[in-house]
Amino acid sequence: MIKGIRSCVVALSLVYSSVATANVESSLPLSTWQLPAGKTFFSQEKQIAQLPVPLQSAGYLELINNDLIWHTTTPIDSKLRISSAGVSQWQQQDYIALAGSEFVGQLMLAVLQGQQDFIQLHFSIQPLSLPIASLVRSPTPDVLLQDKHNTCVNLIPLQAPLNQLFSQIILCGQQHLEHMFLIETNASTTKIHLTTASATP
Amino acid sequence: MNKRQTIGFYAWLIISLLVLLFLLISLPNTRWSSNITSAIPSEQAAWQQQLLQQNTSSRHLSILLSGIDLASLHQAATRLQQANIQQLTWANPGMLMQQLQHLYQQYQGLIVSPEQFALLQNGQFQPLVTAAWQRLLSPAPLLDAALQQDPLLLTQQALEQHSNASPLQVRQHWLEDSQQPALLLYAQLDIDPFERDNAAVVAQQIEQQLHLLQQQWPLLEINRSGVLFHAVIASANASFEMQLFGGISLLAILLLMWSSFTSLRPILLALTTLAIASAFGLAAMLLLFSQPHVMALVFATTLIGIAIDYSIHGMLAANKGPTNFRRMLPSLLLGLVSTLLGYVALTLLPFALLGQVAVFMSAGLSAAFITVWLVFPRWLPAQSMPSSKLLVRLCQRLSDFYQGFNHNKVLISAIFAAVAILTALLSQARFSDDVRLFNQSPAELIQQQQQVLLAGGQNWDSRFIVLLADNTEQLLQQEQQLTPLLQQWQQQGELQQWQAIGQRIPAQQQQAELQRLLQLAYQSPVLQHYLQQLQLPIPAPIEKRLTVELLPAELSQQLQPLNDKVASIILLKGLVANSQMQQQLDTIANSFWLDPIADTNQSLLHIRSQLSGWLVLAFTLAIMILLWQRGWQATLAIALMLVLSLGSSLLLSQWLQQHLNIFNLIAALLILALALDYGIFFTAKLAHAAVLQAVLLSALTSCLAFGLLSFSQTPAIASFGLTVFIGVALACLLAPLLNNVNNKEK
């Protein structure tokens, strides 16, 4: 009896999964999740594998001439420029490129700008079948679990080097992209919460 | 015909057949080379030559695909890599990157940038902590287990500081530019690209696949880079020109023979002479050289022009009867000896290409002479070959015209002209010894190569620095000593970038010093606070060491074993070299500046000097032989004719090319040999009109053979052909005037 129920559940979940995949791919919200003009504030919680404490930071993002400025204001002041050419770090007087960051730069830009072509080329887009809490090791309560209006998309990298860095990337939001979960292959996770300037009290 | 001559005739035919048999067996197995630089001697030290020979970069090739969307480019590249191209292995940059990343991951905390090392040495820890925080809080992923081994993330940041001049990013099977869609594919050949036949097969397979891609994606832009493409084109050009020029020469000569003698017999005799001469020349070259150069064969097509001279002299003399033939033979022999002297001089030069040409020509001309001597009297009975009446009349008129000149006036005019030409030549001659001017690849291929190298950031200078040491550790320490000088050049704008093995693997001594400095740093309040914030313990000093042997083989090619030493090659980019750099480098022990092109040019300069010496020596020797054989008046006249022909041909070549080169001097040596022949015949005890007929036909054939070479796509060959053409034409115009001089033989 139990075996039969289990089979039915598995079969149903498979059917649900395939239908959901088709739905997700046909109605991707990514294109509507483009960053609005002006500043978008972020709070980031980075859980590095084998590091006992999570690293929390906050700041704002801004799109300037197709380049994304990632300005961390707390706990330290740090500026990154993310462009299709890669990630550059502000050092004293100029942005210095970080070698090997080209793909990460493209990825961040594509995700935050909703570049559907790039995402479809490099990711398999899947419905979110597991609770995010089980994927993201985080000591803070997960807002997503409490917000049923959020739409989430699970991106599974298809090829190197992305699949060597990330096991999956989860994007959630309603009108705008509100949450990003970067789950690395080494079990490190980065949870980024975005709020637009208008939504900030 | 006596019995000895009959035996000689048959023996010669048997030997010729044996040589042909040898060629039939040897030719299919011959490995032809198309490497011009290997044919030119080097003045470098033995270890430098060994280092250059060990260099495998000539086996690398790159293909840049662009012009269509990225997804189509992926398909095209995959299709190309999946095509079964023999003797070619595609590189896997993604896997290489993974291997390197994995290696560095295991050895985090042992690699730091020079700037980080300086901060640690100076006890300036706060900037290191700030940088670590910035990196920690960046959304970009970190290396595995970074914080445990290297809490300041020094290795992570050092790796990220390596500037990447190219917009291409590493993918599994290629490098990719996703902004302006382009893929760069690397491959390695399992064969030597200068091995003509094998290289042609691989290149053909590649081109076939690229053609298929082009058909499927018409907008696809394909750029190639690699020695293979240049070598195959050079080799194909040489083969094509050899066949074309050889074929046209032969056809024109046969037409000339037909119109001159209106009989099949002279044509058969000329063909027999040419066939035997070519077979002996080729056989001698194959016997003496394991990998003959294709360009030597192009030069060797000139054999047709000279060997036919012997045929014509032989036929005209044999046609007049045995007495006339016997009278002609010493002059022909003298001509052969003088020509051989010129070629023997070439074999003494340390220039493999010229040595091969000289061996071919010496064997070929000797065989041509023996054929004339032994075969012609038997196969061409007296009066069996009627000369064209038109030709005879023309030659008679020309002879009358030349004999009408006043000897003294001609002599005085020639002396004045010789002085004027020599003065102009000495004042205007400018020699260029740049090896790059001798062999030119098609402009389109060079442009493609530039594009590929620029796209991949591989546009390294042909000059580089080499460090020598007893072991790798010593070598890496030497690189450390050199680094400040390279940085100084960089700051002064004399050097844009360099690449050395030490940038990937620091010396063990430096790794140990880094551990000591880090342990000191961890005790500082700044670091203590940082580690407490992250709740990390102070890491223990890392005992293991990163060594060169751990690097993937593809990334340690700049390190080369050299007998009992090890050499490190430091690649340079954006170099504005000056004499001071060499002096500054000399202050660093066991460091060497290597410039293979400049070294080859220097070698060419030396060979050119030697060749000039040989030219003067050959001229002097010829004058001495003439003095002995012809007396001083004829010798003076021939010498003037030689000076006028040689000087004018070099002067005209200078005006046409804007400079002279070593191949013009080689041409001069050949002109000397040919013009000397004409001089010998015109001062011989032979009828002027008959000699004129022979020399005219000979000169026409030579001019045709050498003149055709001036249309060669290879500048060296074209330059050679042009000078010989001018020289031979002038010698032919001037030589008939020699009949008026008194000589000992008369």
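# Exercises on a predicted two-chain model

The side chains of B:Glu207 and B:Arg224 form a salt bridge, with 2.8 Å from N to O. The model is a predicted one, and the exercises below begin with this pair.

## Exercise 1. A helix and a strand

Determine which parts of chain B are tied together by B:Glu207 and B:Arg224, and assign B:Glu207 to its accessibility class.

Solution. Begin with the secondary structure: B:Glu207 belongs to helix H10 (residues 196-216) of chain B, whereas B:Arg224 belongs to strand S6 (residues 221-226) of chain B, so the salt bridge ties together parts that lie 17 residues apart in sequence. Next take the accessibility of each partner, for which the cut-off for buried is under 20% relative accessible area and that for exposed is over 50%. B:Glu207 has 30% relative accessibility and therefore counts as partly exposed, while B:Arg224, at 14%, counts as buried.

## Exercise 2. Two further salt bridges

Locate the partners of B:Arg135 and B:Asp470, and describe the setting of each pair.

Solution. Over all chains, a search of the whole structure finds seven salt bridges. One of them joins B:Arg135 to B:Glu160, whose closest N and O atoms are 2.9 Å apart. Because B:Arg135 lies in helix H7 of chain B and B:Glu160 in helix H9 of chain B, this pair ties together parts that are 25 residues apart in sequence. Both B:Arg135 and B:Glu160 are buried.

Turning to the second pair, B:Asp470 forms its salt bridge with B:Lys565, and here the closest N and O atoms are 2.9 Å apart. B:Asp470 sits in the loop between strand S7 (464-469) and helix H20 (472-491) of chain B, and B:Lys565 sits in strand S10 (residues 565-573) of chain B, so parts 95 residues apart in sequence are tied together. B:Asp470 is partly exposed at 44% relative accessibility, and B:Lys565 is partly exposed with a relative accessible area of 33%.

## Exercise 3. Aromatic pairs in chain A

Classify the ring pair of A:Phe41 and A:Tyr60, and then the ring pair of A:Phe42 and A:Trp70.

Solution. The search of the whole structure gives 13 aromatic pairs over all chains. In the pair of A:Phe41 and A:Tyr60 the centres are 6.2 Å apart and the planes make 65 degrees, which is edge-to-face. This pair links distant parts of the chain, since A:Phe41 is in strand S1 (residues 39-47) of chain A and A:Tyr60 is in strand S2 (residues 55-64) of chain A, 19 residues apart. A:Phe41 is partly exposed, with a relative accessible area of 30%, whereas A:Tyr60, at 17%, is buried.

For A:Phe42 and A:Trp70, the ring centres are 4.7 Å apart and the planes stand at 35 degrees, so this pair is tilted. A:Phe42 lies in strand S1 of chain A and A:Trp70 in strand S3 (residues 67-74) of chain A, so the pair ties together parts that are 28 residues apart in sequence. Both A:Phe42 and A:Trp70 are buried.

## Exercise 4. The interface of the two chains

Describe the contact between chain B and chain A by its residues, its buried area and its polar pairs.

Solution. Start with the residues: 31 of chain B are in contact with 38 of chain A. Together the two chains bury about 2,900 Å², of which 60% is on carbon and sulfur atoms. Within chain B, the residues that lose the most area to chain A are B:Gln134, B:Leu137 and B:Pro139, which together account for 25% of what that side buries.

The polar side of the count comes next: there are zero salt bridges between chain B and chain A, but seven residue pairs are in polar contact, with both residues at pLDDT 80 or more. Among the elements of chain B that each supply at least two residues to the side touching chain A are helix H7 (126-137), helix H9 (154-161) and helix H22 (525-534). H7(B) gives the most to that side, with six residues. By class, the side of chain B that touches chain A consists of 14 nonpolar, 13 polar and four charged residues.

## Exercise 5. The surroundings of B:Asn590

Place B:Asn590 in the chain and list its contacts beyond its neighbours within four places in sequence.

Solution. B:Asn590 is located in the loop between helix H23 (579-586) and strand S11 (591-594) of chain B, and with a relative accessible area of 44% this residue is partly exposed. Once the neighbours within four places in sequence are set aside, B:Asn590 is in contact with B:Val466, B:Leu467, B:Leu468 and B:Gln478.

Notes. Residues are numbered from 1 along each chain as its sequence is written. Chains are lettered from A and ligands numbered from 1 in the order in which they are written. This is a predicted model: local features need pLDDT of at least 70, side-chain atom pairs count only at pLDDT 80 or more; totals for chains, interfaces and linings use all residues. Side-chain values use heavy atoms; hydrogens and water are left out. Contact means heavy atoms within 4.5 Å. Buried area is the accessible area (1.4 Å probe) that two parts lose on being put together, summed over both. A salt bridge is a side-chain nitrogen of Lys or Arg within 4 Å of a carboxyl oxygen of Asp or Glu. A polar contact is a pair of N or O atoms within 3.5 Å; within protein, one must be able to donate a hydrogen and the other to accept it, and residues adjacent in sequence count only if both atoms are side-chain atoms. Helices (H or I, at least four residues) and strands (E, at least two) are DSSP runs, numbered from the N terminus. Ala, Val, Leu, Ile, Met, Phe, Trp, Tyr, Cys and Pro count as nonpolar, Asp, Glu, Lys and Arg as charged, and the others, Gly among them, as polar. Rings of Phe, Tyr and Trp (its six-membered ring) pair if their centres lie within 6.5 Å; planes under 30 degrees apart count as stacked, over 60 as edge-to-face and the rest as tilted. Buried means under 20% relative accessible area, exposed over 50%, partly exposed in between (1.4 Å probe, protein chains only).
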